[in-house]
Amino acid sequence: KVKTNELTPEELTRAIDMATDEEDAKQEKEILKGIVNMGTIQVKQIMRSRIDMTAVSKDLDFHKLLGVIREAGFSRMPVYDKTIDVIVGVLNIKSLIPHLDAGMDFAWQQFVKSPYFIPENKTIDDTLQEMRTNHNHLAIVVDEYGGVAGLVTIEDVLEQIVGEIEDEYDFDEAGDNIVREPDG
């Protein structure tokens, strides 16, 4: 019988810290720590809470929907029926691009896809695996009573592992401190 030494996530994290002190390895160490901790972090710890969610009513007319999309700037949005606790689907904004010049009565609801629900106590390693398998980029997080607690994106999960992921639409916080001097 072969005996294996099982280490706790805390012990692995300490081992990673002790492995090297080189500045060049700092980012790699953080990624390793993120991987080690994946099984201990629950979705409720990283989700966007329901009060911070941007969701749209399935009854919204097309032009008002476009206004919400412009304001929010998200690529996917939950769609609800009457109340945020009744999520009926997720709208991928990209599917609307060919129809931007459509009239107010355009039936945008045809592009709403079935929602993907997960419990708030699910670990992010299981969540990432399911999102990859099912090709979902956004999951609706539900509490123990079935109410909507919030949402989580695949980007949120990946950022827990590899650190902050910035795209061309993210605001550079350091950029807020840049001031144009009179000499240019």
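Here are a few notes on three loop residues in this predicted model.

1. Start with Gln 110. You'll find Gln 110 in the loop that links β4 (83-92) to β5 (112-113). Its relative accessible area comes out at 53%, and the cut-off for exposed is over 50%, so Gln 110 counts as exposed.

2. What does the side chain of Gln 110 reach? The partner is the backbone oxygen of Ala 107, at 3.0 Å. That falls inside the 3.5 Å limit for a polar contact between N or O atoms.

3. Gln 110 also has a distance to Leu 91 worth jotting down. Counting along the sequence, 19 residues separate Gln 110 and Leu 91, while the C-alpha to C-alpha distance in space is 9.3 Å.

4. Next, Lys 82, which sits in the loop between β3 (76-81) and β4. Have a look at the backbone here: phi is positive, about 70°, although Lys 82 is not a glycine. Buried or exposed? Lys 82 has 71% relative accessibility, so it goes down as exposed.

5. His 135 is another one for your backbone check. Its phi is near 55°, again a positive value in a residue other than glycine. The loop in question runs between α5 (124-134) and β7 (138-142). With a relative accessibility of 67%, over the 50% cut-off, His 135 is therefore classed as exposed.

6. If you're going through phi values by eye, the two to pull up are Lys 82, at about 70°, and His 135, near 55°.

Key
Residues are numbered from 1 along each chain as its sequence is written. This is a predicted model: local features need pLDDT of at least 70, side-chain atom pairs count only at pLDDT 80 or more; totals for chains, interfaces and linings use all residues. Side-chain values use heavy atoms; hydrogens and water are left out. Helices (H or I, at least four residues) and strands (E, at least two) are DSSP runs, numbered from the N terminus. Buried means under 20% relative accessible area, exposed over 50%, partly exposed in between (1.4 Å probe, protein chains only). A polar contact is a pair of N or O atoms within 3.5 Å; within protein, one must be able to donate a hydrogen and the other to accept it, and residues adjacent in sequence count only if both atoms are side-chain atoms.
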